[in-house]
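This briefing introduces a single structure to a reader who has not met it before. Please look over the sequence and the structure shown here, then read the points grouped by topic below.

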Amino acid sequence: MTNIDENKRIALNVSKAIMGGDWDALEKLLAADFTYDGDGMHFDRDEYIGFMQDLYLSMRDMKMEFPQVIAEGEFVSIRFTNPMKNLGKFMGAPATGKTIISQGIFIRQIRNSQVIKENQTTDLMGIMTQMGFGALLGYAIAVGLLKINPARPIRKSTADMKKLDDELKTKGK
């Protein structure tokens, strides 16, 4: 396996760990000094994991597809499409029960077999539009007009995530 192929594998495994709720695997894939910049947000490793845990809890049945994966040196660019069902509060908007499709691009930088940086752009307007007018209006007012900064994401323990995940699965039955 070439370094480029290994970097692609590592970059894709980040998304696979998130979709599978494997937080221990995600932590191992991210360097201790990992940083994330995307969609106007900046996170360190723990905040990123916390944000992805919140996403995992609010958007269920993720089936992320990767129609394009391009690598050069330390960088892997991934175009993604992610159908998922909105069953929990997301970015301040209540659950809709709707299946939505998220699309965007990650650029993950790999060094020493770990991701050290992720830049991302996601079609947030598309997500909010699919969730409905109330979500779109609320997001636009809070972020655009009132300049409200959301609370920093807090990483949950593996045990807490298992408990929250089990509660959601029970609620969904």
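**Briefing on the predicted model**

R111 has a relative accessibility of 38% and therefore counts as partly exposed. The structure described here is a predicted model. Across the whole structure, a search finds 10 salt bridges, and the structure also holds six aromatic pairs. The largest nonpolar core has 39 residues.

**Salt bridges**

- R111 forms a salt bridge with E74, and the closest N and O atoms are 2.8 Å apart.
- Because R111 lies in strand β6 and E74 in the loop between β4 (65–72) and β5, this pair ties together parts that are 37 residues apart in sequence.
- E74 has a relative accessible area of 26% and is therefore partly exposed.
- A salt bridge also joins K117 and D37, with the closest N and O atoms 2.1 Å apart.
- This second pair links distant parts of the chain, since K117 is in strand β7 and D37 in strand β1, 80 residues apart.
- K117 counts as buried, at 18% relative accessibility, whereas D37 is partly exposed, with a relative accessible area of 26%.
- The side chains of R108 and E118 meet in a salt bridge, at 2.7 Å from N to O.
- R108 lies in strand β6 and E118 in strand β7, so their pair ties together parts that are 10 residues apart in sequence.
- R108 and E118 are both buried.
- E27, R45, D46 and R155 are joined into one network by salt bridges that share partners.

**Aromatic pairs and ring faces**

- Among the six aromatic pairs is that of Y36 and Y48, whose ring centres are 5.4 Å apart and whose planes stand at 40 degrees, so the pair is tilted.
- Y36 lies in strand β1 (residues 30–38) and Y48 in helix α3 (residues 45–58), so this pair ties together parts that are 12 residues apart in sequence.
- Both Y36 and Y48 are buried.
- F80 and F106 form a stacked aromatic pair, with 4.5 Å from centre to centre and 15 degrees between the planes.
- F80 belongs to strand β5 (residues 75–86) and F106 to strand β6 (residues 99–111); the pair links distant parts of the chain, 26 residues apart.
- F80 is buried, as is F106.
- One aromatic cluster is formed by F34, Y36, F43, Y48 and F51.
- R108, already named as the salt-bridge partner of E118, lies over the face of F106, at 4.0 Å from the ring centre.
- R60 lies over the face of Y56, at 4.7 Å from the ring centre.

**The nonpolar core**

- Within the largest nonpolar core, the residues with the most contacts inside it are V14, W23, L26, L30, Y48 and M131.
- At least two residues of this core come from each of α1 (3–20), α2 (23–29), β1, β2 (41–44), α3, β5, β6 and α4 (124–131).
- Helix α3 gives the most to this core, with seven residues.
- Y48, one of the residues with the most contacts inside the core, is also a member of the aromatic cluster.

**Helix α4 and its ends**

- The buried residues in α4 include L124, G126, I127, M128 and M131.
- At the N-terminal end of α4, D123 acts as a cap: a side-chain oxygen of D123 lies 2.9 Å from the backbone nitrogen of G126.
- Not counting residues up to four places away in sequence, M131 touches M59, N86, F90, A93, P94, T96, K98 and I100.
- G132 follows α4 and has a positive phi, near 125 degrees.

**Residue T122**

- T122 is found in strand β7 (residues 114–122).
- T122 has a relative accessibility of 13% and therefore counts as buried.
- The side chains of T122 and Q120 are joined by a polar contact of 2.6 Å.
- Leaving aside neighbours within four places in sequence, T122 is in contact with D39, F80, S102, Q103, G104 and I127.
- Two of these contacts appear under other topics above: F80 is part of the stacked pair with F106, and I127 is one of the buried residues in α4.

Definitions and conventions. Residues numbered from 1 in each chain as written. Predicted model: local features only at pLDDT ≥ 70, side-chain atom pairs only at ≥ 80, totals over all residues. Heavy atoms only, no water. Phe/Tyr/Trp six-rings, centres within 6.5 Å; stacked < 30°, edge-to-face > 60°. Helix = DSSP H or I, 4+ residues; strand = E, 2+ residues; numbered from the N terminus. Buried < 20%, exposed > 50% of the residue type's maximum accessible area, 1.4 Å probe, protein only. Lys NZ or Arg CZ within 6 Å of the ring centre and 35° of its normal. Polar contact = N/O pair within 3.5 Å; in protein donor to acceptor, adjacent residues only side chain to side chain. Contact = heavy atoms within 4.5 Å. Salt bridge = Lys/Arg side-chain N within 4 Å of Asp/Glu carboxyl O. Core = buried A, V, L, I, M, F, W, Y, C linked by side-chain atoms within 4.5 Å.
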